[in-house]
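This note is addressed to a colleague who is opening the structure for the first time. The points below are numbered so that each can be checked against the display.

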Amino acid sequence: MTWKKLKVDHKDTNRKNNVPDNLVAACQVCNLNRDDCAKINRTKSPTITFDGQTHTVAFWAQKVGIKVQHFYWRLEHWSLERALTVPARKHALRKPRQLCLMDELFDASANLVKRAEAKMARSARYEARANRMKS
């Protein structure tokens with residue numbers, strides 16, 4: 001490590017606080033990673049304690065298997081216990097997506113392409129067989 005590669009890092013992440021006690025030397029990667037950790041610690045997510053466990057809203061949403069926005073909806077409309085214990089709906093329970101006209105056209109054109117490719121492959125085989133018969 002050389003001084004050319006080192007950067008000045010601020011312990012309190014305040015770039016305007018240039019007091020010598022607040023400054024340390026760090027490589028760029030360490031400087032950036034420490035800054036990201038400090039940002040995460042400064043922006044505290046709301047936590048929820050349930051059944052003796054305290055976790056962030058994002059963690060509980062992931063544990064239940066839903067998006068954070070949906071989890072907030074649950075917290076607003078359901079009891080805390082229900083919001084944290086009811087698992088996400090299975091995809092099988094949801095209505096199947098209806099095909100729009102464009103999807104149907106795409107599927108039809110894909111089938112036409114497959115048929116044309118199969119026809120070309122058959123004609124190439126017939127032509128190769130005919131060439132072998134001639135020789």
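**Notes on the predicted model**

1. Alanine 88 lies in the loop that joins α4 to α5 (101–134). The model is a predicted one, and in it alanine 88 has a relative accessibility of 18%. Because the limit for a buried residue is under 20%, alanine 88 counts as buried. Setting aside neighbours within four places in sequence, the contacts of alanine 88 are Val64, Gly65, Ile66 and Arg74. Its C-alpha atom is 9.5 Å from that of lysine 67, a residue 21 positions away in sequence.

2. The general layout may be set out next. The protein is built from five helices and four strands. Starting at the N terminus, the order of these elements is β-β-α-β-β-α-α-α-α. Of its 135 residues, 15% count as buried. The accessible surface amounts to about 11,900 Å², and carbon and sulfur atoms account for 58% of that surface. Of the contacts between residues at least 6 apart in sequence, 18% join residues at least 24 apart.

3. Confidence should be considered before any detail is discussed. The mean pLDDT of the protein is 76, with 73% of residues at 70 or more. Among the elements, α4 has the highest mean pLDDT, 90, while helix α1 (residues 28–42) has the lowest, 56. Residues 37–43 have pLDDT below 50, and in the model this stretch makes two contacts beyond near neighbours in sequence. Where pLDDT is low, predicted coordinates should not be read in detail.

4. Which residues of helix α2 (residues 57–64) are buried? They are Val57, Trp60, Ala61 and Val64. Viewed down the axis of α2, these buried residues fall within an arc of 100 degrees, so they line one face of the helix. The face turned away from the buried side carries the exposed residues Gln62 and Lys63. Just after α2 comes glycine 65, which has a positive phi of about 95 degrees.

5. The surroundings of this helix can then be described. The buried residues of α2 pack against two strands, β3 (47–50) and β4 (53–56), and against two helices, α3 (68–77) and α4 (80–85). Valine 64 offers one example: apart from neighbours within four places in sequence, it is in contact with Phe71, Arg74, Ala83, Leu84, Val86, Pro87 and Ala88.

6. The largest nonpolar core consists of nine residues, namely Ile48, Val57, Trp60, Ala61, Val64, Ile66, Phe71, Leu84 and Ala88. Helix α2 gives the most to this core, with four residues. The loop residue of the opening point, alanine 88, is thus listed in the core, and valine 64, also in the core, is among its contacts.

7. How many aromatic pairs does a search of the whole structure find? It finds three. In the pair formed by phenylalanine 59 and tryptophan 60, the ring centres are 6.1 Å apart and the planes stand at 75 degrees, so the pair is edge-to-face. Phenylalanine 59 is partly exposed, at a relative accessible area of 35%, whereas tryptophan 60 is buried, at 3% relative accessibility. Tryptophan 73 and tryptophan 78 form an edge-to-face pair as well, with 5.9 Å from centre to centre and 75 degrees between the planes. Tryptophan 73 is partly exposed, with a relative accessible area of 39%. Ring pairs also link Phe50, Phe59 and Trp60 into a cluster.

8. Threonine 85 belongs to helix α4. At 45% relative accessibility, threonine 85 counts as partly exposed. Threonine 85 and tryptophan 60 are 25 residues apart along the chain, and their C-alpha atoms are separated by 9.7 Å.

9. A last point concerns the backbone at aspartate 51, a residue of the loop between β3 and β4. Its phi is near 55 degrees, a positive value in a residue other than glycine. Is aspartate 51 buried or exposed? Its relative accessible area is 68%; because the limit for an exposed residue is over 50%, aspartate 51 counts as exposed.

Methods:
Residues are numbered from 1 along each chain as its sequence is written. This is a predicted model: local features need pLDDT of at least 70, side-chain atom pairs count only at pLDDT 80 or more; totals for chains, interfaces and linings use all residues. Side-chain values use heavy atoms; hydrogens and water are left out. Buried means under 20% relative accessible area, exposed over 50%, partly exposed in between (1.4 Å probe, protein chains only). The arc is that of the directions from the helix axis to the C-beta atoms. Contact means heavy atoms within 4.5 Å. Accessible areas come from the Shrake-Rupley method with a 1.4 Å probe; for residues, only the protein chains shown count as cover. A nonpolar core is a set of buried Ala, Val, Leu, Ile, Met, Phe, Trp, Tyr and Cys residues joined through side-chain atoms within 4.5 Å. pLDDT is the predictor's confidence in each residue, from 0 to 100. Rings of Phe, Tyr and Trp (its six-membered ring) pair if their centres lie within 6.5 Å; planes under 30 degrees apart count as stacked, over 60 as edge-to-face and the rest as tilted.
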